[in-house]
Amino acid sequence: MSCQNAMPPDGPIANQSGASQTVAVRPRMLRTREELMAYDPEREPWAQQLSRRYTHHSQLAGILEHVEDVPEGLYSMFNFRVTPYMAQLMDPIDPSCPIRRQYLPTGNELVIRSYEVRDSLAEDNSIGEPGSPVVHRYPQRVLFLVQNTCGAYCRYCTRKRMVSDADAAITGHAIDAGIRYIASHREIEDVLLSGGDPLILSDKKLDAILARLRAEAPHVRLLRIGSRLPVQLPTRITEELCELLSRHDVQMLNLHINHPKEITPLLVRRLAMLRRAGVMLGNQSVLLRGVNDSVAIQRELCMRLVEIGVRPYYVYSNDSAQGNWQFTVPLAEMTEIARGLRGWISGPAVPTFVVDGTGGLGKMPVLPAYVMQDGETGEVWATNYEGQRSRQRNLEQPANLQLCERS
Ligand code: SF4
């Protein structure tokens, strides 16, 4: 893999709406804590903020204490990017800050466990057609990978095999092939644009992809975008983007918010723009050791999400991509955290915990057993969220059931 280390995000610097325009001077990195905290992300177009990203861990030395000095070899496995906005959210002193944990590399990433593989979900084997970046695993829905870079790189990324890798850049020809594949498979009803991060694309490129999908694949009933960029760079949500999504009837934006600390007033204001544009908002998070692996954090996260109009949707187990083991929460703990939500917070705030099966099995729910049948007696017992039990006689099948014959 060859990773770019100080590249511009998506060609020339763009203006607020994403339209390209060349400017003479690239915005510079904010090197001191004073500069960083004085910076107002709402006063600069989003694409220019990408040019201010930190691209090497050593660049954080002036703004954070106790930054681990990781080996350079780590950069050949997975790149490093942090937006100024994310850096503002990081605790300046505490390395266990949940935002720092998600974005700052550690030497542990170079330790690969025997079960960790490059493509743990076998997505490369589920590509619908060679050359098209469409993962077709379920009968009627597909994942359309339209971009392989992101606003910032999460250390636990499932797709680190391709994300940030210059050699794996998704070309215009590949996108053409993807659209052709979706257009020619009329069974596809649900398309999720993913990557990398689709919203890294300029409005112009996004507009072109969405327009072609709507024109050439009228059988697609649900068009969704999965993006973490609103969390990493909320000003990516502009009036122009909202108009574009609304015009192409993109029904849903799947966000990726892992911790309540990521829900800032700026993010809330920008998400409200999407809601006004008629875009449903859902959240898919990852259960991560040292970030959100407690009932208290998950309860607060899920309630905060519904409070701002975002439906918590899935909580994924951490996938076994290489070097990810340090974030993994075992199944028993995951199940107990799931048990700690149902009944304890509002029903619409309760997400489904899932395991994305190694080798490409797809998503499978992790469900604490609330209703069980005794294999010997046939008795059915239900247990509520507080552990109280009752027998459900109405759900048992009597052995001597007499059926009436119809005359
Ligand atoms: S935003 Fe998503 S695709 Fe990008 S690095 Fe993070 S987890 Fe990976």
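The following exchange examines how several descriptions of this predicted model are justified.

Reader: What makes H136 buried or exposed?

Author: H136 has a relative accessible area of 18%. Buried means under 20%, so H136 is called buried. The residue is found in the loop between β1 and β2, the latter spanning 141-145.

Reader: With which side chain does H136 make a polar contact, and what makes that pair count as one?

Author: The partner is the side chain of Y181, at 2.7 Å. A polar contact requires a pair of N or O atoms within 3.5 Å, one able to donate a hydrogen and the other to accept it. The value for H136 and Y181 is 2.7 Å, and the pair is therefore listed as a polar contact.

Reader: How do you know that β1 and β2 pair, and in which sense do they run?

Author: Two strands pair if at least two bridges are found between them. Here 2 bridges join β1 to β2, so the requirement is met. The two strands run antiparallel, and V135 stands opposite L143 in β2. A hairpin of 5 residues provides the connection from β1 to β2.

Reader: What is the partner of β2 in the parallel sense?

Author: That partner is strand β3, residues 190-194, which pairs with β2 over 5 bridges. L143 has L192 as its bridge partner in β3. As for burial, β2 is described as mostly covered, since 4 of its 5 residues are buried.

Reader: What is the strand order of the open sheet, and why do β1 and β9 stand at the edges?

Author: The sheet has 9 strands in the order β1-β2-β3-β4-β5-β6-β7-β8-β9, with mixed pairing. β1 (134-135) and β9 (362-365) each have a single partner strand, so one side of each is left without a neighbour in the sheet.

Reader: How many bridges support the pairing of β5 with β6, and which residues are partners?

Author: There are 4 bridges between β5 (residues 252-255) and β6 (residues 280-286), and the pairing is parallel. At least two are required, so these strands count as paired. Within β6, L281 is the bridge partner of L253, and G282 is the bridge partner of N254.

Reader: What makes β6 mostly covered?

Author: In β6, 6 of its 7 residues are buried.

Reader: Is R224 buried or exposed, and where does it lie?

Author: R224 lies in strand β4, residues 222-226. The relative accessible area of R224 is 7%; the limit for buried is under 20%, and R224 is therefore buried. Its side chain is joined to that of Y313 by a polar contact of 3.2 Å, a value that falls within the 3.5 Å cut-off.

Reader: What do H66 and A122 show in phi, and is each buried or exposed?

Author: H66 has a positive phi of about 60 degrees although it is not a glycine. A122, likewise a residue other than glycine, has a positive phi near 50 degrees. H66 lies in the loop between α2 (46-51) and α3 (84-89), whereas A122 lies in the loop between α4 (98-103) and β1. The relative accessible area of H66 is 56%; exposed means over 50%, so H66 is exposed. A122 stands at 11%, under the 20% limit, and is therefore buried.

Reader: Why is S320 called buried?

Author: S320 has a relative accessible area of 14%, and a value under 20% means buried. S320 lies in the loop between β7 (311-316) and α11 (331-339). The C-alpha atoms of S320 and D374 are separated by 35 Å, the two residues being 54 apart along the chain.

Reader: Which residues surround the ligand, and how are they classed?

Author: The surrounding residues are C150, A152, Y153, C154, C157, G196 and R228. By class, the shell has 5 nonpolar, 1 polar and 1 charged residues. Cys, Ala and Tyr count as nonpolar, Gly as polar and Arg as charged, so G196 is the polar residue and R228 the charged one. The space that the ligand takes is the largest pocket.

Reader: What is the peptide bond from G195 to G196, and where is G196 placed?

Author: That peptide bond is cis, with omega near 20 degrees. G196 is in the loop between β3 and α6 (203-216).

Key:
Residues numbered from 1 in each chain as written. Predicted model: local features only at pLDDT ≥ 70, side-chain atom pairs only at ≥ 80, totals over all residues. Heavy atoms only, no water. Near = heavy atom within 4 Å. 1 Å grid on protein atoms, 1.4 Å probe; cavity = no way out; pocket = protein on both sides within 12 Å on 5 of 7 lines; lining within 4 Å. Sits in = over half its atoms within 2 Å of the grid points. Buried < 20%, exposed > 50% of the residue type's maximum accessible area, 1.4 Å probe, protein only.
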